[in-house]
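Colleague: I would like to learn how to read a fold feature by feature. Could you take me through one?

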Amino acid sequence: MTRTRDLVLVTGAGGYIGTTLVPMLLQEGYRVRAVDRFFFGRELLADQAGLEVIVEDTRKLTPDHMAGVDAVIDLAAISNDPSGELFQDATLAINHRARVRTAGLAKGAGARRYVLPSSCSIYGAQDGGVIADERNPTNPLTTYARANELAELGVLPLADESFCVVVVRQATVYGLSPRMRFDLAVNGMTYGAWKTGKLPLMRDGTQWRPMVHVRDTARALMFMLEADAATVNGEIYNVGSASNSYQIRALGEAVAACVPGNVEIEWYGDPDRRSYRVAFDKIESLGYRAEKTAEDGVAEICEALDAGRIDRTVQTITLDWYKELLHWQTVLRDVEMYGGIVDI
């Protein structure tokens, strides 16, 4: 089926998932309006047919940005827990309020569908033995998780017969992406093991985490663009797979076994209270299946590291890069005069 007449607005298009998702959408024949501040580099999203790029903050979107849009995938967010805690106000403004506003703008402009990529982290700490499905109470433990929950609560009431709203709670993402991140569990473990022969793990290793490959979660977001509206409208879906659900110790051992050479596990930090197991039966009942494993992610990252295509830099650690940008903002403000620095 050709989708050449469908225009999908993707916020956060320059991020870890966005730079994977946008080329996949284009390959399937969608037209894409990509919205991002491009904190991590405009070059990560190559110009190509069917792609329209808008450099804008989602807090400042207007109805004009929604003109002609058929669907929205609202990825834009301050990502990960450490960044959420340092930038609490911005996280609530971007991850919660801006998303609800974006959904409202999309509905007002006549878009047919809105997909909110949320996070399984909103399950927080669950009682031992609980495998949380979409009906389980949530227990967000961080600003990032709370903002996702508030966004869900804000966008779902907008659903009606002409506006399909779907929430996708993503497991912890891993794998190779143009906007590479080494501050994600599998990716960080892989780099540490590859670089030093030591694999850092947060204590105490018994905590559960569901994982999903970046291409698999991108596929899930695309799946929700095509899923029967009468079935998915107003619904929440966990995205991942039982085979990608690990206790951290077992995950570390699996990563270590995939990295060439001898790898030693090193424990760090205080025990992590975030522990949750998640069920994926609901999305699988629609026909979606995750295809990749953690081992696939480790293999592709090691291959890219060996080839010198990627490396761990300040830009691949989200919180560090935000801090770096703020540092240089201060430096440039202090030295800029008459609209320039050397040339004025």
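Modeller: We go from the sheet to its helices, then to a helix pair and some backbone details. Keep in mind that this is a predicted model.

Colleague: Start with the sheet. In what order do the seven strands run, and is the pairing parallel or antiparallel?

Modeller: Read the order across the sheet, not along the chain. Here the seven strands run S3-S2-S1-S4-S5-S7-S11. The pairing is parallel, and the sheet is open.

Colleague: Which are the edge strands?

Modeller: Look for strands that pair on one side only. In this sheet they are S3 and S11, the latter spanning residues 235–239. On average, neighbouring strands are turned by 20° against each other, direction ignored.

Colleague: How many bridges join S7 and S11?

Modeller: Five, in the parallel sense. S7 covers residues 164–170. For the register, take valine 166: it stands opposite glutamate 235 in S11.

Colleague: Which strands does helix H1 touch?

Modeller: H1, residues 18–27, packs on the sheet and touches S1, S2, S3 and S4. Its direction makes about 175° with that of S1. Helix H3, residues 88–108, also packs on the sheet. H3 touches S4 and S5, and its direction makes about 165° with that of S5.

Colleague: Now a helix pair. At what angle do H8 and H10 pack?

Modeller: Take angle and distance together. H8 (residues 248–258) and H10 (residues 294–306) pack at about 40°, with axes 9 Å apart. That angle makes H8 oblique to H10. Their crossing is right-handed.

Colleague: Which residues make the contact?

Modeller: H8 brings Leu251, Ala254, Val255 and Cys258. H10 brings Ala294, Glu295 and Val298. By class, that is six nonpolar residues, one charged and no polar.

Colleague: On to the backbone. Where is the cis peptide bond?

Modeller: Check omega. From arginine 203 to aspartate 204 it is near 5°, so the bond is cis. Aspartate 204 sits in the loop between strands S9 (198–202) and S10 (208–213).

Colleague: What is phi of phenylalanine 38, and is the residue buried or exposed?

Modeller: Look for positive phi in residues other than glycine. Phenylalanine 38 is a case, with phi near 60°. Its place is the loop between S2 (31–36) and S3 (51–55). Phenylalanine 38 is buried, at a relative accessible area of 10%.

Colleague: And where does asparagine 80 lie?

Modeller: Asparagine 80 lies in the loop between S4 (71–74) and helix H2 (81–86). Its phi is positive, about 85°, although it is not a glycine. Asparagine 80 counts as buried because its relative accessibility is 12%, under the 20% cut-off.

Notes. Residues numbered from 1 in each chain as written. Predicted model: local features only at pLDDT ≥ 70, side-chain atom pairs only at ≥ 80, totals over all residues. Heavy atoms only, no water. Axes fitted to C-alpha atoms, helices over the stretch in contact; angles between N-to-C directions. Helix = DSSP H or I, 4+ residues; strand = E, 2+ residues; numbered from the N terminus. Parallel < 35°, antiparallel > 145°, perpendicular 65-115°, else oblique. Left-handed = near helix turned anticlockwise from the far one by under 90°. Contact = heavy atoms within 4.5 Å. Nonpolar A, V, L, I, M, F, W, Y, C, P; charged D, E, K, R; others polar. Buried < 20%, exposed > 50% of the residue type's maximum accessible area, 1.4 Å probe, protein only. Pairing = 2+ DSSP bridges.
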